[in-house]
Amino acid sequence: MPDDGMRHKLLLVFVSVTVLAASMACSEEHEHIAPAIYPQDSVPAMVSYGVNTLISDSGIIKYRIVAEQWEVNPNRNPSKWTFDKGLLLEQFDLSMHIQSYIQCDTAYYYDVRKLWELHGRVRILTKRGLKFSSEELFWDERSHQLYSNKFSHLITDDKELKGNRFRSDERMTKYSVKTSKGYFDKKTFDKNSNDNKNKQQADSARQYGRQLERPRRINK
């Protein structure tokens, strides 16, 4: 027969095993419920595929939007449209000829802030013939400004500019490129160089060369 001390130890072991079994039974009955994985801001209000939309102004078709995928999500903060598979914006003249275009690999439009954010291979052609390329461009519709803090490249009929800080009006008629390198038309440069060279030679001849005598009439 076990003594009182042994019976006390056995009783403690029995109680411990009973409590452990009860706790295991309770844990098996408990349901593990995870929080919902569809928060409102992760679900776009509209998703369109194969977008090719014409936009009119005063009854005249002036623009076209081409995108493989277009998502509109007003529930995000800030609200935005997403074109993560490329975007092409074209502007037409009255004869429906393309005057200018903007294209990029990825675009975001913050509709409340009226701000476009373009990334990837950003390319622009204006109706004046200016060509622009960069890896990033912002278009602020409220301030009517275009800007980029990444390497940008501009080409016009008479010059070529490269730099890391680009600022312009939205028509790209007044622009600046800082930390830049400029390249100008070679024909114009050569012509100006030759003109300056000829002028310098003429000045040198007048200063150091023999002065021509004025014709004299000889009486016979």
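With a relative accessible area of 10%, E90 counts as buried, where buried means under 20% relative accessible area, exposed means over 50%, and partly exposed lies in between (1.4 Å probe, protein chains only). The model is predicted, so local features need pLDDT of at least 70 and side-chain atom pairs count only at pLDDT 80 or more, while totals for chains, interfaces and linings use all residues. Residues are numbered from 1 along each chain as its sequence is written, and side-chain values use heavy atoms, with hydrogens and water left out.

E90 is a good place to start a tour, as E90 forms a salt bridge with R64, and the closest N and O atoms are 2.6 Å apart. This pair links distant parts of the chain, with E90 in strand β4 and R64 in strand β2, 26 residues apart. A salt bridge here is a side-chain nitrogen of Lys or Arg within 4 Å of a carboxyl oxygen of Asp or Glu. Side chains of opposite charge can pair when their charged atoms come close. R64 counts as partly exposed, at 24% relative accessibility. By the salt-bridge rule the count comes to four. Among them is D57 with K62, the closest N and O atoms being 3.7 Å apart; D57 has a relative accessible area of 35% and K62 one of 27%. Another joins D158 to K159, with the closest N and O atoms 3.7 Å apart.

Now for the overall layout. The chain has two helices and 14 strands, these being DSSP runs numbered from the N terminus (helices H or I, at least four residues; strands E, at least two). Of its 220 residues, 24% count as buried. The accessible surface comes to about 16,900 Å², of which 54% belongs to carbon and sulfur atoms; such areas come from the Shrake-Rupley method with a 1.4 Å probe, and for residues only the protein chains shown count as cover.

Strand β5 has partners in both β4 and β7, where two strands pair if DSSP finds at least two bridges between them. β4 and β5 pair in the antiparallel sense over six bridges, with L88 standing opposite Q103 in β5. Five residues lie between the strands of this hairpin, and M96 takes a positive phi near 65 degrees there. Three bridges join β5 to β7, and these strands also run antiparallel; in β7, I124 is the bridge partner of I102. S100, found in strand β5, is buried at 13% relative accessible area. Leaving aside residues up to four places away in sequence, S100 touches L89, E90, Q91, L125, T126 and K127, where contact means heavy atoms within 4.5 Å.

What lies at the heart of the largest nonpolar core? This core has 25 residues, and those with the most contacts inside it are L87, L118, F132, L137 and F166. A nonpolar core is a set of buried Ala, Val, Leu, Ile, Met, Phe, Trp, Tyr and Cys residues joined through side-chain atoms within 4.5 Å. Strands giving two or more residues to this core include β2 (60–73), β4 (87–92) and β7 (115–125). L118 touches I102, C104, T106, A107, E135, E136 and L137, not counting residues up to four places away in sequence.
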